[in-house]
Amino acid sequence: MSYASFDNNATSGGSNITNEADFQKTAQIVVASIQKILQNVSSMQRMVNQFGTAQDSPELKQQLHQIRSYTQQLINDTTNQLNDLVNCKERHLKIQRDRLVDEFSSALNAFQAVQRKTVDLEKNAVRQARQASGASMALNKPPGSHHSSMGSNYNNTANSGGSMFEDNFITGSRGQTQEQLQEEIDLQALEDQERTIRELEENIVSVNEIYKKLGALVYEQSHQVDSIEASVEQTSVFVSEGVQQLKQASHYQNKARKKKLILALIAAAILAFIILIIILKH
């Protein structure tokens, strides 16, 4: 999934997950992406550990930049895919989604750690380079020193036809040109390092925003689950109380029936006794 598709899905505001089959398909993609992110982080860590060693080179930093950019895009895509899993209704799918969010958060922690380490190393390298550049400029001779030395050589060798003056002038010009070229190269390297630092800091901020979104997602979904569970629990209490009340009503009804039956038997006995007395009198 590209950045364009990420933006399109984000602006559409809806999930493409309509059934459990689609959910599981997207979940498998998320699992594979998390594994790839962790693999990339491991490779990035090895590259960063080579900074300042004999293995350090512009090619190494270019390779690190490429893998970091790819991982950042993969993180954005995975965030979008997790958002597609928000609207799942079944409890076992919500549990699976929350587990994926936890695993993804762990991968983000690892990615952030290696990015912060890279920033610290790059800033330290820039600081040392600027200090070295300042020291080098302080050790250089002031402007015009080459000309003064060449003038002195010219005076000492004026009788020889000025050939030594010309050699010194050409050598001095070449030296100045080489120094200027080297200074331009060093300046470009510093600008590249500072650009890398700014990019890393922007990536760190971007991942922090993803953290916030994931936190809000987990909180919202857990709040909904808690509300559902509370409603179910409350309903269960109501049902339990209703059953108890029905039992009590049934008990009272049975007691009332027994009382009526006893009263009817007593009335029948009294009536029979009265009838018996009347018959005996006659």
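Start by selecting Gln35, which you'll find in helix H2. This is a predicted model, so keep that in mind as you click around. With a relative accessibility of 48%, Gln35 counts as partly exposed, because the partly exposed class runs between 20% and 50%. Now add Phe104 to the selection and draw a distance between the two C-alpha atoms: you should get 9.2 Å, although these positions lie 69 residues apart along the chain.

**Zoom out for a moment**

Switch to cartoon and show the whole protein chain. There are six helices and zero strands, so the pattern along the sequence reads α-α-α-α-α-α. Colour by accessibility next: of the 282 residues, 25% are buried. If you have a contact map handy, take the pairs at least 6 apart in sequence; 82% of those contacts join residues at least 24 apart.

**H2 against H3**

Select residues 20-49 for helix H2 and residues 58-84 for helix H3. The two pack at an angle of about 155 degrees, and their axes are 9 Å apart. That angle makes H2 roughly antiparallel to H3, because anything over 145 degrees falls in that class. Look at how they cross, too: H2 passes H3 in a left-handed crossing.

Turn on side chains to see who meets whom. On the H2 side, the residues involved include Thr26, Ile29, Val30, Lys36, Ile37, Asn40 and Met44. Facing them from H3 are, among others, Leu60, Leu64, Ile67, Arg68, Tyr70, Thr71 and Ile75.

**Pick out Ser33**

Stay in helix H2 and select Ser33. Is Ser33 buried or exposed? Ser33 counts as buried, at 9% relative accessibility. Show its surroundings, skip residues up to four places away in sequence, and you'll see Ser33 touching Leu74, Thr78 and Gln81. Those three also appear on the H3 side of the H2 and H3 packing.

**On to H4**

Next, select residues 91-139, which form helix H4, and centre on Gln96. Gln96 is buried, with a relative accessible area of 15%. Which residues does Gln96 contact once you leave aside its neighbours within four places in sequence? The answer is Phe23, Gln24 and Ala27. The range of helix H2, residues 20-49, is where to look for them.

**A salt bridge**

Move along to Arg97 and Asp98, whose side chains meet in a salt bridge, 3.0 Å from N to O. Don't go hunting for others: the structure holds one salt bridge. Colour the pair by accessibility and the partners fall into separate classes. Arg97 counts as buried, at 1% relative accessibility, while Asp98 counts as partly exposed, at 30%.

**Last stop: residues 261-280**

Finish by selecting residues 261-280, which an unreviewed UniProt entry annotates as "transmembrane region". In the model, the chain over this stretch is 100% helix and 0% strand. Draw one more distance, between the C-alpha atoms at the two ends, and you should read 28 Å.

Terms used: Residues numbered from 1 in each chain as written. Predicted model: local features only at pLDDT ≥ 70, side-chain atom pairs only at ≥ 80, totals over all residues. Heavy atoms only, no water. UniProt positions renumbered as here; feature names shortened; annotations may be inferred. Helix = DSSP H or I, 4+ residues; strand = E, 2+ residues; numbered from the N terminus. Salt bridge = Lys/Arg side-chain N within 4 Å of Asp/Glu carboxyl O. Buried < 20%, exposed > 50% of the residue type's maximum accessible area, 1.4 Å probe, protein only. Contact = heavy atoms within 4.5 Å. Axes fitted to C-alpha atoms, helices over the stretch in contact; angles between N-to-C directions. Parallel < 35°, antiparallel > 145°, perpendicular 65-115°, else oblique. Left-handed = near helix turned anticlockwise from the far one by under 90°.
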